[in-house]
Amino acid sequence: MSEILLCNQSLNSQALQRQCGINTDQLSALSCEAPTMTAPNTPYLIGDDPSGIGRGVLGQFAPAHVARELTNLSLSFGGDNVVALAEINAKLKEYSIGLMGASTSVYAHRIGGFAGSVKDYQAALMEYRQAARSGSPLKIAKKQQAHAAFRKMQSQFRNELDVVNSQVRARRGTPLTSAERATNIARSSRNAAKLNVTSQVQANNLVKFSQHAKFLGNGLAVIDFGGRVGSIHNRFQAGGNWERELFVESSSFAVSALTGTAVVNVGTAALGLLVVATPIGWVGLVVGGVAVAGTAAAASIGMNSVVKNNSGGVYDSIMKWISGVL
Amino acid sequence: MTTIQYLVGFLIIATVITGILFVLFGQITVRKLRKNPKTKDLLGLEYVSGWDIINTAQALAFPGFLSKKLEKSPLSFMYANSKILIENTNRFDRFLGSVFYWIMVFSGLSGALIVLLNSLGAFTG
C-alpha cells in the first residue's frame, strides 16, 4: 500500500509537522529528491517504496489537471471517500454498457442523477470552504446550502449512498453520511490530505474519476463511448484488425440502443392503454414502469452481447463477399 | 454464415436505416413543430433529449382510435397530441413519421425477440 500526500498550498516542514505529523524526510516527490517544502497540487509519497508501486502511482497523479482535481476532491470529501467513489465510478462504467443501451431507462437516469447530486453537494462544500477560509459574511448561508444539498442527496439516493459508504470504514462518519462532518472538514484549516492507494488499478480509477468528476452528470454516453473507443484503439495499437473491432463496437452500441428505445416506447404505450382499459392505480403504474424499464435494460444488455458475439462474423462475411466481387 | 449472424446482419442494416430516418424526421418535421407555438408544448414527455421525435412519430403513425385512447388516459402528458399534430403537418411528414416509427418498433422488438430466443437456446443447434 502506498500513502500519498496532497496539499493545496505550499507548506514548509514545520507546518507539515504541525498539521499532519509528517516529517519532510519521509516524503519523496516524483523527481526523487527529498523536498524541503511541499508545492501545492503535487503528489508526494509518504514512507519508503520498496516495491516501486508508489512511484508508479505518483507518475499517474503527476499531471497538473489530475493532481489539482484530486487535491480538491480529497479535501472536500476526505481521502477514504474519494477512493471509494472512484471504485464506484469504475463499476458504473462496467454497467453503463447495458445502461446506455437502455439509455432512456429510469435507472440510467437515476445514476446520472446520483452523480449529479454528489457533484452539487461537492460544489456546495467547496463554496462553503472558500467562504469559511476567507471569513466571508456569506459563510452561514453557504453552510445551509451545503446541508440542503446533502439532504437532497440523502433523501433521493439512499440506496446508492449505502453502497458507497459500505466500503468506507471511518468511525467518525464521512462527508457522505453526515453533513455536519462534511462542513467541519471543509471549514477546518486543513490543507493537506492523505490518500491510501493499494494498487495501480486503484490509482488508475482515481485518475479517471478526477477527470470524469467534472462532466459526470452529463452522461454515461461519454463514458460508454469512451470505453468502446478505448477497445478499438487497443486493437489498433496491438496491430490487430481494428476495422473489425470498430464494426463490432459501433453496431452493438447502435442496435442495443435501438432495442432499448423500442421496448420503452412500446412499453409506455401499452401501459397507457392498460390504464384506460383496467382500473389499475398509481401503484400498478409504478410497478408497470419499473417492469418496462427492466425489460428494456435486459433486452438491450442481451442485444449488446448477441451483437458483440455475432457481428464479427457478419463483418467477415461482408469482407469475403466484397473480395469475391472485386 | 449461421442463422443468428444473418439476423444480426439484418438488424444492423435496419438500425442504420432507422438512424437515418430518425435524423431526417427530426430535422424535417419535428424541428418545424418545435418552432410552431401551437405545437411546441404538445410533443409529449421527453425522457431524454430527442425523445419528442419518437413521441411525434408515434402520434403520426398510430391509428386514430389508439391515439385517442392514449390521450384520454391519465398519462396523456407522456404522449404527443396526435389531433393537433396531424393538423399541423403535411402528408409527407405523416408518411415519413409512420415509416420511421414502424421500422423502429419492428426492428427494435425483433431485436428483443432475438435476445429472448437466443437465451432460450434457439440458435445453438
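## Val8(B) and its contacts

In this predicted model, Val8(B) is in contact with five residues of chain A once neighbours within four places in sequence are left aside: Val306(A), Val307(A), Asn310(A), Ser311(A) and Val314(A).

## The nonpolar cores

Val8(B) is also among the residues of the largest nonpolar core that touch the most other members. The others named in this way are Ala296(A), Ala299(A), Phe25(B), Ala57(B) and Phe100(B). This core has 53 residues. Two or more residues each come from helix H11 (242-277) and helix H12 (282-325) of chain A, and from helix H1 (3-35), helix H2 (51-61) and helix H5 (91-119) of chain B.

Another core lies apart from this one and has 26 residues. Its members include Leu6(A), Leu16(A), Tyr44(A) and Leu195(A).

## Where the chains meet

Between the two chains, 28 residues of chain A are in contact with 34 residues of chain B. On the chain A side, H11 and H12 each supply at least two residues. H11(A) gives the largest share, 16 residues. By residue type, the chain A side divides into 15 nonpolar, 13 polar and no charged residues.

## Thr39(B)

Thr39(B) is found in the loop between H1 and H2 of chain B. Is Thr39(B) buried or exposed? Thr39(B) counts as buried because 20 other C-beta atoms lie within 10 Å, and the cut-off for a buried residue is 20 or more.

Not counting residues up to four places away in sequence, Thr39(B) touches Leu33(B), Ile84(B), Leu85(B) and Asn88(B). Thr39(B) and Asn81(B) are 42 residues apart in sequence, and their C-alpha atoms are 8.5 Å apart in space.

Notes
Residues numbered from 1 in each chain as written. Chains lettered and ligands numbered in written order. Predicted model: local features only at pLDDT ≥ 70, side-chain atom pairs only at ≥ 80, totals over all residues. Core = buried A, V, L, I, M, F, W, Y, C linked by C-beta atoms within 7 Å. Buried ≥ 20, exposed ≤ 12 C-beta atoms within 10 Å, placed from the backbone. Helix = DSSP H or I, 4+ residues; strand = E, 2+ residues; numbered from the N terminus. Contact = placed C-beta atoms within 7 Å. Nonpolar A, V, L, I, M, F, W, Y, C, P; charged D, E, K, R; others polar.
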